[in-house]
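Dear colleague,

I am handing over the structure that we spoke about, and you will find it directly below. Please look through it once before reading on, and keep it open beside this message.

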Amino acid sequence: MPDFFSFINDVLWGSVMIYLLFGAGCWFTWRTGFVQFRYIRQFGRSLKNSVNPQPGGLTSFQALCTSLAARIGSGNMSGVALAITAGGPGAVFWMWVAAVIGMATSFAESALAQLYKERDRHGQFRGGPAWYMARGLGMRWMGVLFALFLLIAYGMIFNGVQANAVSRALHFSFDFPPLVSGVVLAGAALLVIIRGIRGVARMMQWFVPMMALLWVVTSLVVCAINIDLIPDVVLSIVQSAFGWQEAAGGAAGYTLSQALTSGFQRSMFSNEAGMGSTPNAAAAAASWPPHPAAQGIVQMIGIFIDTLVVCSATAMLVLLAGNGTTYAPMEGIQLIQKAMSALVGEWGGDFVAIVVTLFAFSSIVVNTIYAENNLFFLRMDNRRAIWTLRFAACSTVIAGTLMSFPVLWQLADIIMACMAITNLTAILLLSPVVHTLASDYLRQRKLGVRPVFDPLRYPDIEPQLAPDAWDDIPRN
């Protein structure tokens, strides 16, 4: 069975996903007028505006932190280690490339989710890829397919990946039994999940910045201590990215392919650009200013923080410890623990175990919230279905601590590809709408007015929107 999963993985990620991710990112970069570069100077202003509370939904900052909670998980640590082990230091370079172009993809899917959101019976905004497939494309069957993929991925498989990393880290550092790790992690996550999306968002707006800063500041301190090695590490990343280090040995083509594939795989698992998960958080926000593109810009900040900051912090630790050339045949998180122990002493491995537990905990909570959100789309938002999902999610957390590490990651990569192919197909079909939203936002910015989305200006789009989603927006 592992060989079968490996074969499917090689088929999907050997060509299909790389071309699709790269092509979609470049397409939306062009269609949005290079939005990730145009608005990078406004990230500070967007963050400031994102804390303004609005009726009917989360603040944009809460939606950002909620999406970051799902993004910043074991993928930022064990995923980065896997990428470097499989593709060498060059995988880090391709992670950066995937993140930069993925920012435009994230803008597109988040803006669409915000546009096609609707209210549930409690007045909370709901939305995501399933909704814009049904409303924007008129393909509810496609939305149902995506919702099922997301339920499998975020309700089960990804939670198992997170729990597996925690159990390995705690066992490595503290000799903690894996099963006990899973039970405690599942119980703690359930106590938070039952608070619903609003309660989770209020918690994550404090929890996520704290844990991200803890890891990034630690990495910066370690880098400062080893500052004389930094130039060599950066050089190895660039040289390995294009196979220059291995050219003399005749392995340049293979190494370039491995670096690119590993970088894109792990970047996507970490920042989730194009996968269709982040739009579930983006749609829950009452965006300010009241324009779908504003939420797209806020969610681009999440890609920047996740990959270009947090993942880079992990990569620097691994490369500093290995001096950019050699890597022990460790599996995932244990490589990070070995690296930290080599750099700062024995306490380093214990510190990594604590940090990855925080990362995984936040991811498991928000993963399950994403899955619950799609029960609303499937019209299964009854108490029995929600608690069945919660039970399945917690059971997978426990089971994940006992499963094979390679099999879990192979399953995660396969379901991730299924989600991404479905979602990217939808947003590419909706790219004219993305172009309209980006152009409308830019036009109002150039006029010096606060961007406000007025659906009456776009008669082709207005009939597709939920009746109460944009009716109470003040017009300029």
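What follows is an account of what was found, beginning with the aromatic rings and ending with two loop residues.

Please bear in mind throughout that this is a predicted model.

Aromatic rings

A pair of aromatic rings is described by the distance of the centres and the angle of the planes. A search of the whole structure finds 9 such aromatic pairs. One of them joins Trp-27 and Trp-30, whose ring centres are 5.4 Å apart with 50° between the planes, which makes the pair tilted. Both of these residues belong to helix H1 (residues 2-31), where they are 3 residues apart, or about one turn of the helix. Trp-27 has a relative accessibility of 34% and so counts as partly exposed, while Trp-30, at 52%, counts as exposed. For Phe-93 and Trp-94 the ring centres are 5.1 Å apart and the planes stand at 90°, so this pair is edge-to-face. Phe-93 and Trp-94 are both buried. Elsewhere, ring pairs connect Tyr-154, Phe-158 and Tyr-370 into a cluster.

Charges over rings

Two arginines are placed over aromatic rings, and they may be worth finding in the viewer. The charged end of Arg-126 sits over the ring of Phe-376, at 3.7 Å from the ring centre, and Arg-390 lies over the face of Trp-387, at 4.8 Å from the centre of that ring.

Annotated spans

The UniProt record, an unreviewed entry, places the feature "transmembrane region" at several stretches of the chain, among them residues 176-194 and 206-227. In the model, residues 176-194 are 84% helix and 0% strand, and the end C-alpha atoms of this span lie 27 Å apart. Residues 206-227 are 91% helix and 0% strand, with 31 Å between the end C-alpha atoms.

Helix packing and distant residues

How do H4 and H16 cross? The axes of helix H4 (residues 60-71) and helix H16 (residues 347-377) come within 7 Å and cross at roughly 115°, and H4 and H16 are therefore roughly perpendicular to each other. The crossing of H4 and H16 is left-handed.

Two further residues show how parts of the chain that are separated in sequence are placed in space. Ala-189, in helix H9 (residues 178-193), counts as buried because its relative accessibility is 1%. Its C-alpha atom is separated by 6.5 Å from that of Phe-361, although Ala-189 and Phe-361 are 172 residues apart along the chain. Val-407, in helix H18 (residues 405-429), is also buried, with a relative accessible area of 15%. Val-407 and Val-161 are 246 residues apart in sequence, and their C-alpha atoms are 9.7 Å apart.

Two loop residues

Most residues other than glycine have a negative phi. Asp-175, however, has a positive phi, near 55°. Asp-175 lies in the loop between helix H8 (140-174) and H9, and with a relative accessible area of 56% this residue is exposed. Arg-379 likewise is not a glycine and has a positive phi of about 60°. Arg-379 is found in the loop between H16 and helix H17 (383-400), and its relative accessible area of 64% makes Arg-379 exposed.

With best wishes

Definitions and conventions:
Residues numbered from 1 in each chain as written. Predicted model: local features only at pLDDT ≥ 70, side-chain atom pairs only at ≥ 80, totals over all residues. Heavy atoms only, no water. Phe/Tyr/Trp six-rings, centres within 6.5 Å; stacked < 30°, edge-to-face > 60°. Helix = DSSP H or I, 4+ residues; strand = E, 2+ residues; numbered from the N terminus. Buried < 20%, exposed > 50% of the residue type's maximum accessible area, 1.4 Å probe, protein only. Lys NZ or Arg CZ within 6 Å of the ring centre and 35° of its normal. UniProt positions renumbered as here; feature names shortened; annotations may be inferred. Axes fitted to C-alpha atoms, helices over the stretch in contact; angles between N-to-C directions. Parallel < 35°, antiparallel > 145°, perpendicular 65-115°, else oblique. Left-handed = near helix turned anticlockwise from the far one by under 90°.
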